[in-house]
Structure formats: structure tokens, C-alpha cells
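Here's a walk through the packing of one protein model, with the rings, the core and the cysteines as the main stops. Have the coordinates open while you read.

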Amino acid sequence: MGKTTGFMEFDRKDEAYAPVKERIKNYKEFTVPLKEKELKDQGARCMDCGIPFCHSGCPLGNLIPDFNDAVYQGKWEKATKILHSTNNFPEFTGRLCPAPCEEACVLGINEDPVSIENIEKNIVETAFKNGWIKPEPPISRTGKKVAVIGSGPAGLAAAQQLNRAGHSVTVLERDEKIGGLLRYGIPDFKMEKNVIDRRLKVMKKEGITFKTGVHVGVDIKADELQKEYDSIVLCGGATVRRKLPIPGADLKGVVQAMDFLPQNNRKVDGIPYKGEELSAKGKKVIVIGGGDTGSDCIGTSIRHGADSVTNFEIMPKSTTARPEGQPWPFWPMRLRTSTSHKEGAERVFSISTKKFVGDKNGNLKGLVTSEVFWEKVPGQRPILKEVAGTEKEWDCDLALLALGFTGSETTIAEQLGLQMDARTNISASVKDYKTNVPGIFVAGDQRRGQSLIVWAISEGREAAHHVDNFLMGKSNLPLKGDGDLPRI
């Protein structure tokens with residue numbers, strides 16, 4: 001695969017970024033694409049490693065060496081077909097996936113891994129540019145009707161696969177536009193929303209029906225859908241936000257990230273939003289939480305014109321190298337610095353917020369922290385301990401809670417009588433994605449808990465196979481690892 005000696009001849013080269021001073025003036029994507037020759041060289045770095053561990057790193061089972069080789073040879077249309085044979089939406093993953101495939105790349109053992117994610121993104125962008133991605137409606141219809149609840153990546157993947165099988169698919173979304181967290185959560189500077197709309201245009205022409213502003217369980221009862229549809233696929237996500245139960249958490253200025261970020265998406269799109277404007281302009285912002293959502297809050301706050309942005313992380317600062325005990329090809333918990341971090345945020349590790357401080361009018365004016373460490377106990381989980389005498393008060397006008405999610409909303413599950421686990425995720429086997437109620441399936445974060453976009457697409461695809469099998473007694477929809485490469 002690729003050029004036999006390519007990994008020795010070419011260094012890894014990533015996309016460049018627009019200068020910070022320019023890119024923070026707007027919400028547009030700011031990557032500077034590589035030239036075609038440079039992309040071919042990157043494909044040439046794929047080293048014919050015998051056992052491609054990148055496959056095991058990718059939840060979709062993408063045929064990575066094969067599309068790398070096609071790019072190296074300049075066969076972009078072939079690469080497009082290979083990529084889409086396992087991934088419905090590489091334009092999403094090519095922008096947003098943390099690339100576990102690259103951490104599993106054999107070349108990454110002692111060199112920089114192949115730039116798989118960037119190659120993937122450029123394949124799909126080349127395909128759209130050349131008109132290779134066209135609607136593919138089914139030849140015939142089965143007469144079966146399927147409702148997909150939720151229009152995030154899991155729901156969209158399930159819908160497209162089931163439509164390809166010939167079923168009549170309706171996607172129900174409670175927000176005003178399709179996309180789930182892709183649209184209302186991911187900042188526009190990471191993925192502009194015309195990227196979603198471009199794909200939706202194709203899916204609509206394939207015959208999928210989309211209904212927005214429909215809150216299942218509220219606007220329409222779940223059991224009503226059971227009467228109307230032959231099967232239901234729940235892809236609503238894990239949307240219950242983790243709270244910070246400390247004194248002052250109810251002060252004005254203590255805001256959940258998933259209130260702050262979606263509102264900004266709507267403002268950028270010119271859509272009216274509910275409630276008071278959540279602005280970081282001129283404020284001392286502290287983002288509590290060191291993951292991707294925290295990073296998104298940082299970049300958004302800087303674009304608002306925040307006076308300062310500080311990021312708290314309760315975990316200790318990791319190394320940029322693989323930590324001990326996390327060997328290749330496993331995913332390492334290494335220090336990751338996002339483009340938003342580089343735009344002007346201070347990062348503080350091993351810190352815990354103890355209380356929020358307000359003024360006489362109930363407005364946030366500061367918070368109190370202490371330094372912490374994790375005590376290792378043999379046979380048990382590490383225990384969080386406070387470092388005595390390290391209390392500190394910080395000035396803060398806006399505290400953004402980016403603490404992740406604790407599970408799924410329960411309205412639909414309760415109405416349908418579905419079993420849930422302790423985290424309110426809906427119980428279903430990964431073997432067939434069936435719930436305890438016949439005809440009801442679940443995929444994505446609503447089944448497995450908060451996870452990656454690439455896992456959501458994988459789950460939607462896998463669930464679609466089992467729904468099709470339930471409806472028809474058999475299924476030709478692929479499962480991960482099935483089938484041959486497309487021939488061109």
C-alpha cells in the first residue's frame with residue numbers, strides 16, 4: 001500500500017491554520033488545505049505494514065490502507081468509493097474525529113503516524129467538488145415504515161442505511177434543524193453548517209423524510225409512533241448534563257456549556273434563540289472541564305471578545321508522549337492542545353472548584369478553588385485528595401461547565417417501557433441493538449453513553465442491519481468487516 005519506501009521519504013505534513021488574529025474575527029473554518037501533490041505524498045507514507053492496526057483503531061472499520069493507496073496513485077474517485085463503503089459521512093469525521101486510527105497506526109510506534117483523518121477529509125471534499133457524491137435512492141420499496149428518533153450522526157447513519165434497504169424512513173428531530181450536536185453544539189469554526197446541509201440535500205433526494213420541531217414523548221407520544229411505524233430506532237443521544245453541586249451553582253453567570261454553545265450556533269445562523277443572551281464579551285471567563293467541549297467553549301468565548309479565558313482541569317497535566325501503561329496501539333491519555341487553546345487560554349491542571357461567589361444581586365463575581373491530587377490505592381480507583389493550604393479565589397464573571405453528560409433523557413424510554421441502566425442509557429445488546437420491546441432498537445450515545453462521532457456512525461450503521469433483518473427476515477446491509485472492496 002502506498003509507496004514502498006514512502007514512510008522513509010516523506011515526513012508527516014498537516015494542514016496549516018489561518019493566523020489567530022484573523023480567525024478569531026469570525027466563525028468560519030480556518031484550515032489551509034494541502035496541495036494535491038502533498039496529499040499524495042501523505043498517502044504514500046502508508047507502509048504496507050502487513051497487519052493494519054489502524055483497522056482495529058477505527059470503530060467504523062474503515063479500509064484505511066486501501067484509500068491511502070488510491071490517494072497516492074491519484075485515483076480519487078476510487079478512494080471515494082472505498083471510504084464511503086464503510087463511512088456514510090467522512091466530511092463529519094474528517095473534521096471532528098479525534099482519529100483513534102492514527103494512534104493505532106504502525107508507523108506511529110516510532111514516527112509520526114499517517115495523517116489518516118486529513119486524507120479522509122480531502123477525499124470527500126474532492127468527491128463533492130467533482131460531483132461524485134450523488135443521490136442513490138433504492139430501486140424498490142419494501143412497504144415497511146421506520147421512524148428514527150434523533151438526527152445526530154447515529155440517527156442519520158441509521159436512516160441512510162435503512163433507506164438503502166428500501167424502507168420508508170422518517171427522521172424526527174425536536175430542534176428546528178437537522179443535525180443534533182453536529183449543528184447545535186459543535187462550533188461553526190470547527191465545522192460550518194453548510195457541510196451538514198450539503199449532505200442532507202443528497203439524503204432528501206434519496207427519499208428520506210425529515211421532520212423538525214417534533215419532540216417525541218411531548219408533541220407526540222411514543223406509543224403513537226409504535227402504531228404508525230413498523231420499527232423505531234432511538235438515536236437521541238446522551239443529553240443529560242453533569243452538574244457541579246457546590247455552593248453558588250445557581251448564581252447568574254454559572255452556565256452549562258450546552259446552553260452556551262448551541263445558542264451561539266443559532267446566533268451565527270441567524271435563528272432566534274430562547275432566553276437571555278449568553279455572552280462572554282468583556283468578561284473574565286473560566287471554563288471548567290478539559291475535554292473537547294471545554295475547548296469549544298474557549299474558542300467561542302475568545303470570538304465573543306472575552307477579557308480573559310482560563311481552563312480548569314481536575315486531572316493532572318499529562319505528557320505529550322504515551323503515558324506508562326498505555327502502550328501502542330491503545331488510545332493514550334496524552335496531553336492534547338487544540339487550536340482553541342492556542343488562541344489565548346490559560347490552562348490550569350489538578351484543580352477543583354469548591355464554591356462560586358456572588359454579589360448582592362446574585363451575579364457571579366468569582367470562585368474558590370483548591371489544588372488536588374489523585375491518590376493511588378491498590379485494587380481501587382484513585383481517590384481525589386485536596387492539597388491543604390492551597391485555596392485560591394479567582395475573579396470570574398462567566399463560568400462555563402463543560403463536564404460531560406451523565407446519561408439519556410428518560411421520557412421516551414418510560415413511555416415505551418424500555419429497560420435502562422444505572423446511567424439512564426437504554427439497555428440493548430451490541431449484538432443486535434434490540435431493546436426489551438420488540439421492534440424498538442437503540443443506537444449511539446443513547447445506548448452506549450457519551451462517546452465519539454465515529455462510534456455514533458458505526459452504531460447507526462450496525463443497528464440498521466439488525467432493523468432490516470427484523471423487518472425482512474434477512475439483510476444485505478453490511479456489518480463492520482463484511483463485504484469486498486468496491487471495484488472501479
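What follows covers the nonpolar core, one helix, the aromatic pairs and the cysteines.

Keep in mind that this is a predicted model.

**The core**

Start with the largest nonpolar core, which has 60 residues. Within this core, Phe67, Phe92 and Val233 touch the most other members. Helix H17 (residues 453-472) gives the most to the core, with 8 residues. Domain 1 (6-130) and domain 2 (145-239 + 406-472) each supply at least three residues. As background, nonpolar side chains in soluble globular proteins tend to be buried together.

Phe67 is a handy place to zoom in. Leaving aside residues up to four places away in sequence, Phe67 touches Asn62, Ala79, Ile82, Leu83, Ile116, Ile119, Glu120 and Ile123.

Among those contacts, Ala79, Ile82 and Leu83 are buried residues of helix H6 (residues 76-84). Trp76, Thr80 and His84 are buried in H6 too. So what covers the buried residues of H6? The cover includes helices H3 (36-44), H5 (64-72), H7 (90-96), H9 (116-129) and H11 (194-205).

**Rings**

The count of aromatic pairs comes to 6. Take Phe312 and Trp394: the ring centres are 5.0 Å apart and the planes sit at 65°, over the 60 degrees cut-off, so this pair is edge-to-face. Phe312 belongs to strand S10 (residues 308-313) and Trp394 to strand S15 (residues 392-395), so the pair ties together parts 82 residues apart in sequence. Both partners show up in the table of accessibilities below.

Elsewhere, ring pairs link Tyr17, Phe30 and Phe189 into a cluster. Two arginines join the scene here. The charged end of Arg23 sits over the ring of Phe30, 4.5 Å from its centre. Arg303 lies over the face of Phe189, at 3.9 Å from the ring centre.

**Cysteines**

How many disulfides does a search of the whole structure find? The search turns up 0. For Cys46, the nearest cysteine sulfur is that of Cys54, 6.2 Å away, and Cys46 is in no disulfide. That fits the 2.5 Å cut-off for a pair of cysteine sulfur atoms. Cys396 is in no disulfide either; the nearest cysteine sulfur, that of Cys297, is 12 Å away.

Here are the accessibilities for the ring pair and these two cysteines.

| Residue | Relative accessibility | State |
|---|---|---|
| Phe312 | 2% | buried |
| Trp394 | 13% | buried |
| Cys46 | 9% | buried |
| Cys396 | 1% | buried |

Conventions
Residues are numbered from 1 along each chain as its sequence is written. This is a predicted model: local features need pLDDT of at least 70, side-chain atom pairs count only at pLDDT 80 or more; totals for chains, interfaces and linings use all residues. Side-chain values use heavy atoms; hydrogens and water are left out. Buried means under 20% relative accessible area, exposed over 50%, partly exposed in between (1.4 Å probe, protein chains only). Helices (H or I, at least four residues) and strands (E, at least two) are DSSP runs, numbered from the N terminus. Contact means heavy atoms within 4.5 Å. Rings of Phe, Tyr and Trp (its six-membered ring) pair if their centres lie within 6.5 Å; planes under 30 degrees apart count as stacked, over 60 as edge-to-face and the rest as tilted. A charge sits over a ring if NZ of Lys or CZ of Arg is within 6 Å of the ring centre and within 35 degrees of the ring normal. A nonpolar core is a set of buried Ala, Val, Leu, Ile, Met, Phe, Trp, Tyr and Cys residues joined through side-chain atoms within 4.5 Å. Domain bounds come from an automatic or database domain assignment.
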